[in-house]
Amino acid sequence: MEKRGLLERLKDGGTIVLASGYVFELEQRGFVQFGQQYPGVVLSKPNEVEILHEEFALAGSDVIQGFTYYAHREALKNRGREDDLEKINTNAMAIAKRVADKYDKLLAGGLSNTPLYKQDDAESQKKIYEMFKEQVIWAVEAGADYILGETFDALGEAELALKAIKDHGKGVPAVITLAVYVPDITTDDIPIAEACRRLEEQGADVVGINCGRGPSGFIPLLKEIREVCKGPIAAIPVPFRTTEKEKSFYNLTDSVTGELVYPKNLDVVRCSRDEIRQFAEDAKAIGVQYIGLCCGNYPSLTREVAEVYGKNPPASKYSMKSKYTDGDDVSNLEPHILKIRKHKLGY
Ligand SMILES: [Zn+2]
């Protein structure tokens with residue numbers, strides 16, 4: 001049977017769950033160094049990448065995203081790995097494709113923000129376009145079902161990614177998401193919802209926001225984006241407790257020490273599973289069709305989202321109950337179990 005593509009799956013209100021956050025999760029597992037987060041691990045430890053793809057597939061992700069975050073020419077040149085550029089891209093896609101094929105998932109190629117973008121500088125823009133072009137070509141050759149351009153803080157750079165996909169993607173759909181930090185505008189000063197509207201107008205099949213903020217900071221923007229965009233919208237926040245005062249995960253502080261927690265001590269501001277579930281409920285009510293989690297995501301969080309979105313993933317058979325494991329009804333518990341429970345809870 002022919003695989004159903006992204007647009008087919010999104011038709012008539014269909015939904016897509018995307019597991020992202022490979023850099024942070026592979027760092028946590030000891031295979032990526034933070035700050036050097038180009039995906040060299042697809043060459044040095046390909047099995048570890050494949051295992052994580054598989055965990056996300058079982059947790060309910062509809063998409064296996066090739067781990068090509070920051071695998072563009074500039075990032076690799078800066079890290080002295082330019083010779084490995086093509087190999088990293090093609091290996092990342094081949095690993096992801098194995099898992100996508102095994103579980104009938106969509107295979108996504110990825111483009112990401114660069115440190116090069118300057119407004120009103122045609123030369124830097126041409127350079128970025130060429131970098132995106134080669135990555136699009138490699139992704140399509142590897143069989144990508146669509147290309148995801150993500151974490152763009154400038155609308156102008158997102159537009160370059162979209163153009164590269166349109167020009168060289170051989171017709172594969174384009175999903176473009178903007179990073180959101182403290183202000184509700186892009187770094188080239190366009191309100192986020194308006195930037196999404198423009199990307200949609202220029203032919204992006206799905207538009208939205210990813211990274212930067214936690215769930216609570218996404219909701220108001222998603223409402224605005226839903227108002228102005230016609231097609232499917234995307235929401236991929238980081239699973240951290242950003243607040244009205246500390247809007248992005250870069251400026252979150254530890255309530256005990258007062259120190260900034262990004263990147264090393266983000267554990268103290270993680271969202272609970274219930275908060276992630278609530279976010280998925282809220283996003284669904286707003287009409288978000290393409291949902292996921294970014295940096296800080298791990299399989300059990302993807303499972304929460306996938307369950308809310310009705311995906312019934314295989315990993316659900318291991319889902320935890322939200323209540324205390326013995327339940328609230330203690331009337332039938334044997335006295336010695338009741339005693340242990342009392343010791344555990346203290347009441
Ligand atoms: Zn992220």
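Here are some notes on the helix packing, the core and a few backbone oddities in this predicted model.

1. **α4 against α6.** Let's start with helix α4, residues 46-59, which packs on helix α6, residues 85-103. The angle between them is about 35°, and the axes are 10 Å apart. The crossing is right-handed. If you want to find the contact on screen, pick out Pro46, Val49, Glu50, His53, Glu54 and Ala57 on the α4 side. On the α6 side, look for Asn91, Ile95, Ala96, Arg98, Val99 and Tyr103. By class, that makes 7 nonpolar, 2 polar and 3 charged residues.

2. **α6 against α7.** Helix α6 also meets α7, with a crossing of roughly 35° and axes that come within 9 Å. This one is right-handed too. Glu86, Asn89, Thr90 and Met93 are the α6 residues involved, and they meet Gln135, Trp138 and Ala139 of α7. The make-up here is 3 nonpolar, 3 polar and 1 charged.

3. **α7 against α8.** Next along is the pairing of α7 (residues 122-141) with α8 (residues 155-168), whose axes are 9 Å apart at an angle of about 45°. The two helices therefore count as oblique to each other. Again the crossing is right-handed. From α7 come Gln125, Ile128, Tyr129, Phe132, Lys133, Val136 and Ile137. They face Glu157, Leu160, Ala161, Lys163, Ala164, Ile165 and His168 from α8. Sorted by class, the contact holds 9 nonpolar, 2 polar and 3 charged residues.

4. **The core.** Which residues touch the most other members of the largest nonpolar core? They are Tyr146, Ile147, Ala161, Ile233, Ala235 and Val305, out of 109 residues in that core. Helix α6 supplies the largest share, 8 residues. Ala161 is worth a second look, as it also appears in the α7 and α8 contact. Ile147 is a handy place to centre your view: beyond its neighbours within four places in sequence, its contacts are Ala108, Gly109, Leu111, Val136, Ala139, Ile165, Gly169, Val172 and Ala174. Of these, Val136 and Ile165 are also in the α7 and α8 contact, while Ala139 is part of where α6 meets α7.

5. **Ala283.** This residue sits in helix α11, residues 273-286. It counts as buried because it has 26 C-beta neighbours inside 10 Å, and 20 or more is the cut-off. Setting aside residues up to four places away in sequence, Ala283 touches Leu222, Ala235, Val288 and Ile291. One of those, Ala235, is on the list of core residues that touch the most other members. For a sense of scale, Val256 is 27 residues from Ala283 in sequence, and their C-alpha atoms are 31 Å apart.

6. **Ser20.** Look for Ser20 in the loop between β1 (16-19) and α2 (22-28). Is this serine buried or exposed? It counts as buried, because 30 C-beta neighbours fall inside 10 Å. Its contacts, leaving out residues up to four places away in sequence, are Gln65, Ile236, Gly292, Leu293, Cys294 and Asn297. Asn210 is 190 residues away from Ser20 in sequence, yet the C-alpha to C-alpha distance is 9.8 Å.

7. **Backbone spots to check.** Most residues other than glycine have a negative phi, and most peptide bonds are trans. With that in mind, Tyr70 has a positive phi near 60°. Tyr70 lies in the loop between β2 (63-65) and α5 (73-78), and is buried, with 22 other C-beta atoms within 10 Å. Asp189 also has a positive phi, of about 65°. Its loop runs between β5 (174-179) and α9 (192-201). Asp189 is exposed, with 11 other C-beta atoms within 10 Å. Finally, the peptide bond joining Tyr262 and Pro263 is cis, with omega about -5°. Pro263 falls in the loop between β7 (233-236) and α11.

8. **α13.** How many buried residues does helix α13 have? The count is 0 among its 11 residues, 335-345, so the helix is hardly covered by the cut-off of 20 or more C-beta atoms within 10 Å. Right after α13 comes Gly346, with a positive phi near 85°.

Note on methods
Residues are numbered from 1 along each chain as its sequence is written. This is a predicted model: local features need pLDDT of at least 70, side-chain atom pairs count only at pLDDT 80 or more; totals for chains, interfaces and linings use all residues. Axes are lines fitted to C-alpha atoms, for helices over the stretch in contact, and angles run from 0 to 180 degrees between N-to-C directions. Helices (H or I, at least four residues) and strands (E, at least two) are DSSP runs, numbered from the N terminus. A crossing is left-handed if the near helix is turned anticlockwise from the far one by less than a right angle, and right-handed if clockwise. Two residues are in contact if their C-beta atoms, placed from the backbone, lie within 7 Å. Ala, Val, Leu, Ile, Met, Phe, Trp, Tyr, Cys and Pro count as nonpolar, Asp, Glu, Lys and Arg as charged, and the others, Gly among them, as polar. A residue is buried if 20 or more other C-beta atoms lie within 10 Å of its own, exposed if 12 or fewer, and partly exposed in between; C-beta atoms are placed from the backbone. A nonpolar core is a set of buried Ala, Val, Leu, Ile, Met, Phe, Trp, Tyr and Cys residues joined through C-beta atoms within 7 Å. Angles under 35 degrees count as roughly parallel, over 145 as roughly antiparallel, 65 to 115 as roughly perpendicular and the rest as oblique.
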